[in-house]
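Please open the model in your viewer and keep the sequence panel beside it. The tour begins with the whole chain and then moves to smaller selections.

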Amino acid sequence: MKIAVFPGDGIGSEVTREAVRVLEALDLPGLTLFEGDVGAIAYHRHGHPLPQETLAMAKAADAILFGAVGDPSCDNLERHLRPEQAVLGLRSELGLFSNLRPATVFAGLEDMSGLRPELARTIDMLIVRELNGDVYFGDKGMRTTADGQREGWDMMSYSESEVRRIANSGFQAARKRSSRLCSVDKANVLETSQLWRDVVIETAAEYPDVELSHLYVDNAAMQLVKDPGQFDVILTGNLFGDILSDLASMCVGSIGLLASASLGERETDFGTFGLYEPIHGSAPDIAGQGKANPMATILSAAMMLRHSFGDEAQAARIEAAVAMALADGIRGGDLGGKLGTSAIGDAVLERL
Ligand code: NAD
Ligand code: IPM
Ligand code: MN
């Protein structure tokens, strides 16, 4: 079981350290961890945010545990050298098009949600976000127009096959849950979204057991706050999924709790190859202070065991330990408490 660990920048190294401690505590047979540089730290050491040797390490692994990338020291670099290109590069180079972002309220945290407790209690959803296309990966540029103004542009597009494969991921995920899929787009304005909607409807014919609905993204954002319990699986594109998942995190209580799995089509000897990371970033405002909540990364390690190593029992064991810690009042600053990153890691380890 080869796991490449890419801690990255800011709180990335603080939170991955705790997830690695949890993985090591499980006594998994044949577990091998190796570490690589990504992000700003890789740029400063090697001149590139995703060095060739890191990419090679990723390809040689069965799964990747990723912290976060991004640092203000890089805000003015040319875009291809910015830290964020490391995670975008890994997602596209490795064909990781299906990003699963579960959002569930843990018992005892209903009061920490940005929503009223009676609404928070109803949250149990999975956001299935497309990860290899959309405006993220289209042509982009900066130019000077004929009248001498600067103009920035980013091309948004989806091909039929890109939509079909993520739609299949969404329907399959819905089948494993409550069989309700809500596709979120902006088909009233965007051609990209019209194609998205058409292809999702075509794909639905193969899943008659799944109930399909559609929402425009602006309404979906509103509905997430008004009545989050209506959602089971949300299927959406790269940009809308990015925004809606940060919104969902505050419905749950903290961005420090939301994990993710990024999967493609490659199968290893153990399961599906994937990259696992918290949905949050490098949090420069609290980096280096030992304040970050590592639970999102620990929960991402649980998703890794489930999807890449077929070990449902150990995945559930980690999730139960996190849930128990939260039920026992273990709280970092993000949840109104005082515990630091390693103390939260200790609390989870004790409960394993
Ligand atoms: P962020 O997610 O890093 O932080 C947003 C806010 O949430 C901050 O106030 C931060 O302190 C808090 N926060 C985030 N994670 C937390 C945790 N585990 N515990 C407690 N508090 C936490 O978003 P941002 O500030 O917009 O971005 C900072 C950098 O991270 C940028 O460079 C951005 O591009 C990058 N980023 C990277 C990833 C990734 O690597 N996948 C994801 C998101 C943002
Ligand atoms: C995320 C992040 C990334 C994204 C950035 C850092 C490229 O916000 O993983 O949610 O937009 O996908
Ligand atoms: Mn994001």
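Begin with the entire protein chain of this predicted model, whose radius of gyration is 20 Å, and this agrees with a compact globule because a chain of 352 residues would then be expected to have a value near 20 Å. Turned along its principal axes, the set of C-alpha atoms fills a box of roughly 60 × 50 × 40 Å. If you colour by secondary structure, you will find 12 helices and 12 strands in the protein chain. Buried residues make up 50% of the 352 residues, and among the contacts with a separation of 6 or more, 76% join residues 24 or more positions apart.

Next, select residues 2-348, the stretch covered by the annotation "domain: Isopropylmalate dehydrogenase-like" in an unreviewed UniProt entry. Over this range the chain is 39% helix and 21% strand, while the C-alpha atoms at its two ends are 23 Å apart.

Now select helix 6, residues 160-175, which has 16 residues and reaches 22 Å from its first C-alpha to its last, close to the 22 Å expected at 1.5 Å a residue. Colour its buried residues, including Val 163, Ile 166, Ala 167, Gly 170, Phe 171 and Ala 174. An α-helix has 3.6 residues a turn, so residues three or four places apart point the same way. Which elements do the buried residues of helix 6 pack against? Show strand 4 (98-104), strand 5 (124-130), strand 8 (180-185), helix 7 (191-204) and strand 10 (233-236), for these are the elements they pack against.

From there, go to Ala 58, which is found in helix 3, residues 52-60. Is Ala 58 buried or exposed? Ala 58 counts as buried because 22 other C-beta atoms lie within 10 Å, where 20 or more are required. Leaving aside residues up to four places away in sequence, Ala 58 touches Ala 4, Ile 64, Leu 90 and Leu 94. One of these, Leu 90, is 32 residues apart from Ala 58 along the chain, yet their C-alpha atoms are separated by 8.0 Å.

Finally, select ligand 2 and display the residues that surround it, namely Glu 84, Val 87, Leu 88, Asp 242, Ile 279 and Gly 281. Helix 4, residues 84-93, supplies the largest share of this shell, with 3 residues. Coloured by class, the shell around ligand 2 shows 3 nonpolar, 1 polar and 2 charged residues.

How values were computed. Residues numbered from 1 in each chain as written. Chains lettered and ligands numbered in written order. Predicted model: local features only at pLDDT ≥ 70, side-chain atom pairs only at ≥ 80, totals over all residues. Helix = DSSP H or I, 4+ residues; strand = E, 2+ residues; numbered from the N terminus. Rg over C-alpha atoms; globule rule 2.2 N^0.38 Å. Buried ≥ 20, exposed ≤ 12 C-beta atoms within 10 Å, placed from the backbone. Contact = placed C-beta atoms within 7 Å. Near = placed C-beta within 6 Å. Nonpolar A, V, L, I, M, F, W, Y, C, P; charged D, E, K, R; others polar. UniProt positions renumbered as here; feature names shortened; annotations may be inferred. Expected span 1.5 Å × (residues − 1).
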